[in-house]
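Dear colleague,

Please find below the structure I am handing over to you. My notes on it follow.

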Amino acid sequence: LLSAFEFDLTDGLDRSTENYRANGESMLSSGISVCIVMLVVSALIFATAQLCFWQSSVHLQNEAYKTLRMLAMMPAQESNAELVVWNATLVLKIKSIDVQHKRLVDLINQMYRAMTGGKEREAVFEVFEGLLNYTRTHFSDEELMLRRYGYPLLAQHHEWHKQLVRQVGQHGAAYRAQEPGADFSLINFLTSWLTSHIKGRDRQYAQWLQSKNLHP
């Protein structure tokens, strides 16, 4: 009877030991798995952060390079240097609008000359504010004309104008705050905005007016 009891006790201890060992190995394996997952997640976060930083750096360098190329196209010391040249591709054949568009081109070129001619930042910003105010006036006049003739895309055009004014203001604020690369971004934006807007959105309504035989 004693022997049988000792056998049962020994067998029970062996099973308990095996269970304990199995549980310990399972917990150890789970712990290692958790550590591996945490390491992988940390590596992914680090890699993502590096990628974002690299992309931002490359974007800023590209913007700076593009602007430097633009600035290099014309001697900064020339008082009549032009960044945007008024030509036939910008003409809509709507006299009042063409006059205002040409005035916007003149203001952008005036600002360009101020930036590259060594003018103080406040003097440049004064030109910029004149450009922004004239842009608002032009948009208002343009929308009034389109409303008079019943342009079907007026609501969209109005939203585009609002977005452009907001973006111009943001670039101007960044320039005044002397944020890195803000001068490059501002002159790039103004140049691409004006030419693309005239050749795209504005030419669209000009063609519509012509198709309806309307001559403002």
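At 1.5 Å a residue, the 22 residues of α2 should span 32 Å, and the end C-alpha atoms of α2 are indeed 32 Å apart, which agrees. The expected span here is 1.5 Å times one less than the number of residues in the helix. Helices are DSSP runs (H or I, at least four residues), numbered from the N terminus. Just after α2, G118 adopts a positive phi of about 85°.

On provenance, this is a predicted model, in which local features need pLDDT of at least 70 and side-chain atom pairs count only at pLDDT 80 or more, while totals for chains, interfaces and linings use all residues. Residues are numbered from 1 along each chain as its sequence is written, and side-chain values use heavy atoms, with hydrogens and water left out.

The largest nonpolar core (buried Ala, Val, Leu, Ile, Met, Phe, Trp, Tyr and Cys residues joined through side-chain atoms within 4.5 Å) has 38 residues. Two or more residues each come from α2 (95–116), α3 (121–148), α4 (154–176) and α5 (182–211); the largest share, 11 residues, is that of α5. M111, L190, W193 and Y205 have the most contacts inside this core. Leaving aside residues up to four places away in sequence, M111 touches (heavy atoms within 4.5 Å) V124, V127, F128, L131, L186 and L190.

L132 lies in helix α3. With a relative accessible area of 11%, L132 is buried (under 20%, 1.4 Å probe, protein chains only). Beyond four places in sequence, L132 touches V165 and V168. L132 and G172 are 40 residues apart in sequence and 9.1 Å apart in space, C-alpha to C-alpha.

Kind regards

Methods. Buried means under 20% relative accessible area, exposed over 50%, partly exposed in between (1.4 Å probe, protein chains only).
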